Every structure is written in structure tokens, then in C-alpha cells.
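What follows is a walk through selected secondary-structure elements of one chain. Please keep the sequence and the 3D view open while reading.

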Amino acid sequence: MKAMRYHSYGDSDVLVDEEAKRPTAGRGQVLLRVAGTSFNMLDVALRAGILRDAIPLTFPHTPNCDVSGVIVEVGDGVAAWRAGDAVIALLPPDAPGAAADYVVAPAEALAAAPGAVDLADAAALPLAGLTAWQALFEYAELRSGQSLLINGAGGGVGGYAVQLAVRAGAIVTATVSARSRDRVTAYGASRIIDHTTTPIVRAVGDQRFDAVLQLVRDTPEQTARLASLVTDGGTFVSTATPGPDRPGRDVRVRQVLVRSDAAQLADLAASVDAGQLRIEVAQRRPLTDLAGVHDDAVAGRLAGKTVLIP
């Protein structure tokens, strides 16, 4: 089979398109024929070696932990799934990933793919959707009627976070750039701030929020300014730059560490089929463009979620 792999940490040029041995499903596993995989900034951090202490890799490594595909082989001990099932999953980041024709997945990580979207596009849901859900409802403990500021609402996680928060009854203020304003407005955000024209702290004035969700890698100083927008008793949650150790008030500071959760993923997929959650894919590119996608992401040229297709 074909796979995009790298044999050492480094820049995007370490990614190579090469032949690899097709894996087989072990006990508790299934083998998927990959329909699609989506890009996440986690992929860049892993490839560059930024996370080598926390998530060491074995080389050669096949990247990409988001996957959608069809089961072609079921391992021993797997009773809930069968060949031909269309599924999605969040794969372990240190395991061989979905940037290949075939990938092995733990059966316990699988959820039925939503049927309302193309199977390849469903790969845009697992990591971003689970991160948004866990950030809002496990870390921020968001409730109906609360106010929420989402910094970086135009990205993959941000788009799901806006939709999930609005559906939960929260009052959402979202920061975006011009290219994502219309999409995030359609998700139901109560207020839109264009962070490219107005500093966020100046735009909100005296307003304070029950929760602030930081999805943008920023300076510690700017992140601390965002944390200052949380009301006493509220929560500052970040998926990127860590919040301040001592915010100086009665504010909880939480750093998101997303985990695979098949039940949550199944609920998200069901919401897609029910028309309550939209999967937005900005572009679809051949898997062999993976290095270019990494470069575009680092340069800020990706307009939204990118799905790669073998």
C-alpha cells in the first residue's frame, strides 16, 4: 500500500510518499480502508518533534490521527463491528496513522460515520469535534445561559465549539477573521469580533464572560489578557498557549488534553445526521499534498478544515 511517512523529526520535507506493508488487524482491532483523513496542527507539532518528550514516536511514522473509512478486516475479540461498516475514529497519536491506504484502529475508538456527509469529509469530525465538546462541557462545565468568548472561532475546533455552545443555550462571542465571519455568524454566535481590525480586549470593553476558550497559540501576555476577561468564579480554558498560573482572582485555569471517546464521537456523528451540527470542509486535497498542507498551515494559508484523500 501507499503511505505518507517520515523517518525522522524535521521540517515538512521529511514527509515522503512511499510503499509500506499493509497492516493486519490484531486482537481488539479492525483494519480500515481509509476514505479520508483531516489535517490538525497536532500533526505539525508531532512531525517537528515539539512533543517528542510527551508523545515519542517510532520511525518510520505514518501521521494523522483523524480517520474515516470502511472496515475490511475484523480482529479477534471484536463483536460490535463487521466488514463493510463505515466508521470514524480518533487514533492514538503515537500509533501508525491514517495518512495511508489502510490503517489499523482500536475497535473501542470507533463510531459509526455520519451518513449525511461524504465519508471522506467525516474525517474532519473526530479530533476537532471531541476537543470542542470536552473543552466546553468537561473543562469549562458550560451551562445554558452562560456567556462564552471563543478566541479562534474560525478554525476547525472553533466552528464546532460555536455550534455546540449555541445548541447548549450559551451566549457566544466569537473572534474571527473576515474569511470566516459569515460561516461563524450562521452558526449562531451572538457577537462577532474581527480580531484583525480590533484588539479583543478593546472590543469587549467592560464585558466579562463566564468562560473564555482560547484556541489560538499566542504570547503568554496576550493569553493573560484574555484570561482577565473571565468573571469571578468563571473558567479560562485553552487548547493552545497555557493560561496564567495565578490569574489573581477566583478563576479556574484549565488546559485541554483531548482523549478518544467513542460514545461522545457517536453523539457528535448523530448530531450531524440530525442536522444539529455541520461539518465544514474548506478544501479536499490528495494525500500526496500532505507536506504542502503542513506548510500552508504554518504560514496561515489554510482557510479552514482540510481533508486529505488517498
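Two strands count as paired when DSSP finds at least two bridges between them. With that cut-off, strand E3 and strand E15 (residues 306-309) qualify as a pair, since they are joined in the antiparallel sense over two bridges. In this pairing Val-307 of E15 is the bridge partner of Ser-38. The model is a predicted one.

Strand E3 spans residues 29-38 and is mostly covered, with seven of its 10 residues buried. Two further pairings involve this strand. Strand E4 (residues 66-74) runs antiparallel to E3, and six bridges join the two. Within E4, Gly-69 is the residue opposite Val-34. Strand E6 (residues 102-106) also pairs with E3 in the antiparallel sense, here over five bridges. Across that pairing, Val-30 faces Ala-105 of E6.

The second element to consider is helix H6, which covers residues 220-227. Which of the residues of H6 are buried? They are Gln-222, Thr-223, Leu-226 and Ala-227. These residues lie on the same side of H6, because the arc they cover around the axis is only 150°. The spacing behind such an arrangement is general: an α-helix has 3.6 residues a turn, so residues three or four places apart point the same way.

What do the buried residues of H6 pack against? Their contacts are with helix H5 (200-204) and with three strands: E8 (147-151), E11 (209-214) and E12 (230-238).

Key. Residues numbered from 1 in each chain as written. Predicted model: local features only at pLDDT ≥ 70, side-chain atom pairs only at ≥ 80, totals over all residues. Heavy atoms only, no water. Buried < 20%, exposed > 50% of the residue type's maximum accessible area, 1.4 Å probe, protein only. Helix = DSSP H or I, 4+ residues; strand = E, 2+ residues; numbered from the N terminus. Arc of directions from axis to C-beta. Contact = heavy atoms within 4.5 Å.
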